[in-house]
Amino acid sequence: MSARPHARLVVFDLDGTITRRDTLVPFLLGWLARKPGRVVFLPLVAVAAARFCFDRDRGRLKSSLIRSILGRASRDELRDYAERFADRLLPSGCLAPALEEIRKQRETGAHMVLLSASPDLYVPIIAERLGFGHCICTQVSWRGELLEGRLLSANRRGEEKARVVRELLEAHADCASWAYGNSRSDLPHLLLVDNAFAINLRGALPPTVKYLRWF
């Protein structure tokens, strides 16, 4: 008997799980390299970073960084830049074991989901190139064809990721579930699935979460 399509639900984090490091900061720095005139807005970045030290609101910090550095960029220009960013990132900026695991899971016919706190400015492009069928990431706002940069969705991190995974599990109740993450903030959603993997995460882990060392 052939396996049912999408008999597995597989959820991957992006930064530090598939990629070697964070992607948002390099994305923003690359834009500054293209648009050096935007450095005049860097004092706003400093203000946002100082505010974060007190409120610890990562979503607010993310929005401030995006608005300060990318604000009022056009859709077409940002899309072109995001494609080029992915061109540079994917050949050498990803962990080889992660790419192999994605390939193996995809070949099972799994429903593949990339779930990331990084913004929808470039994450969907990466998801498409890696063969994910579905991408859920932090959404940012536009004003017509120009980027505004406020968060339209919750910052897809921590308990928000867990909320999304609960919805996915409900929608795919007939599927066995896998999830891969790399940080303590990923543990809430890793604890929800049948097969949970912590990538290069040091320290004690819950008994249901398996440690994987990927380089």
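Two residues are taken to be in contact when heavy atoms of the pair lie within 4.5 Å. On this criterion, and leaving out residues up to four places away in sequence, P188 touches G158, E159 and A162. The model in which these contacts occur is a predicted one. P188 belongs to helix 8, which covers residues 187-190. With a relative accessible area of 24%, P188 is partly exposed, since this class lies between the limits of 20% and 50%. The C-alpha atoms of P188 and G158 are 6.4 Å apart in space, although 30 residues separate the two in sequence.

At the level of the whole chain, the protein comprises eight helices and eight strands. Its radius of gyration is 18 Å, close to the 17 Å given by the globule rule for 215 residues, and the protein is therefore as compact as a globular protein of that length. The C-alpha trace spans about 60 × 35 × 30 Å along the principal axes. Of the 215 residues, 47% count as buried. Among contacts with a separation of 6 or more, 61% are accounted for by residues 24 or more positions apart. The exposed area of the protein is about 11000 Å², of which carbon and sulfur atoms supply 55%. The protein carries 33 positive and 24 negative charges, and the mean positions of the two sets are 5 Å apart.

Helix 1 spans residues 24-34, and its buried residues are L24, F27, L28, G30, W31 and L32. The partners against which the buried residues of helix 1 pack are helix 2 (42-55), helix 3, helix 4 and strand 2 (111-119). Helix 4 itself, formed by residues 75-92, contains Y81 and F85, which are separated by about one helical turn because they are four residues apart in that helix. Both of these aromatic residues are buried.

Aromatic pairing was examined next. The structure holds ten aromatic pairs. In the pair formed by Y81 and F85, the ring centres are 6.4 Å apart and the planes stand at 45°, so the pair is tilted. This assignment follows because planes under 30 degrees apart count as stacked and those over 60 as edge-to-face, the rest being tilted. Elsewhere, ring pairs join F12, F132, Y180, F197 and W214 into a cluster.

Two strand residues illustrate packing between segments separated in sequence. I136 is located in strand 3, residues 134-138. Its relative accessibility is 12%, and I136 is therefore classed as buried, the limit for this class being 20%. With residues up to four places away in sequence excluded, I136 touches V113, L114, L115, S116, R156, V164 and L168. I136 and A117 lie 19 residues apart in sequence, with a C-alpha to C-alpha distance of 8.5 Å.

The second residue, A176, is placed in strand 6, which covers residues 176-181. At 30% relative accessibility, A176 counts as partly exposed. Once neighbours within four places in sequence are left aside, the residues in contact with A176 are A7, R8, L9 and D194. A176 and V10 are 166 residues apart in sequence, whereas their C-alpha atoms are 8.5 Å apart in space.

Backbone torsions were also considered. Most residues other than glycine have a negative phi. R72, although not a glycine, has a positive phi of about 75°. The position of R72 is in the loop between helix 3 (58-70) and helix 4. R72 counts as exposed, its relative accessibility being 63%. N200 likewise is a residue other than glycine with a positive phi, in this case near 55°. N200 is found in the loop between strand 7 (195-199) and strand 8 (209-212). With a relative accessible area of 30%, N200 is partly exposed.

Terms used:
Residues are numbered from 1 along each chain as its sequence is written. This is a predicted model: local features need pLDDT of at least 70, side-chain atom pairs count only at pLDDT 80 or more; totals for chains, interfaces and linings use all residues. Side-chain values use heavy atoms; hydrogens and water are left out. The radius of gyration is taken over C-alpha atoms; the globule rule is 2.2 Å times the number of residues to the power 0.38. Buried means under 20% relative accessible area, exposed over 50%, partly exposed in between (1.4 Å probe, protein chains only). Accessible areas come from the Shrake-Rupley method with a 1.4 Å probe; for residues, only the protein chains shown count as cover. Lys and Arg count as positive and Asp and Glu as negative; His and the chain ends are not counted. The place of a charge is taken as NZ of Lys, CZ of Arg, CG of Asp or CD of Glu. Rings of Phe, Tyr and Trp (its six-membered ring) pair if their centres lie within 6.5 Å; planes under 30 degrees apart count as stacked, over 60 as edge-to-face and the rest as tilted.
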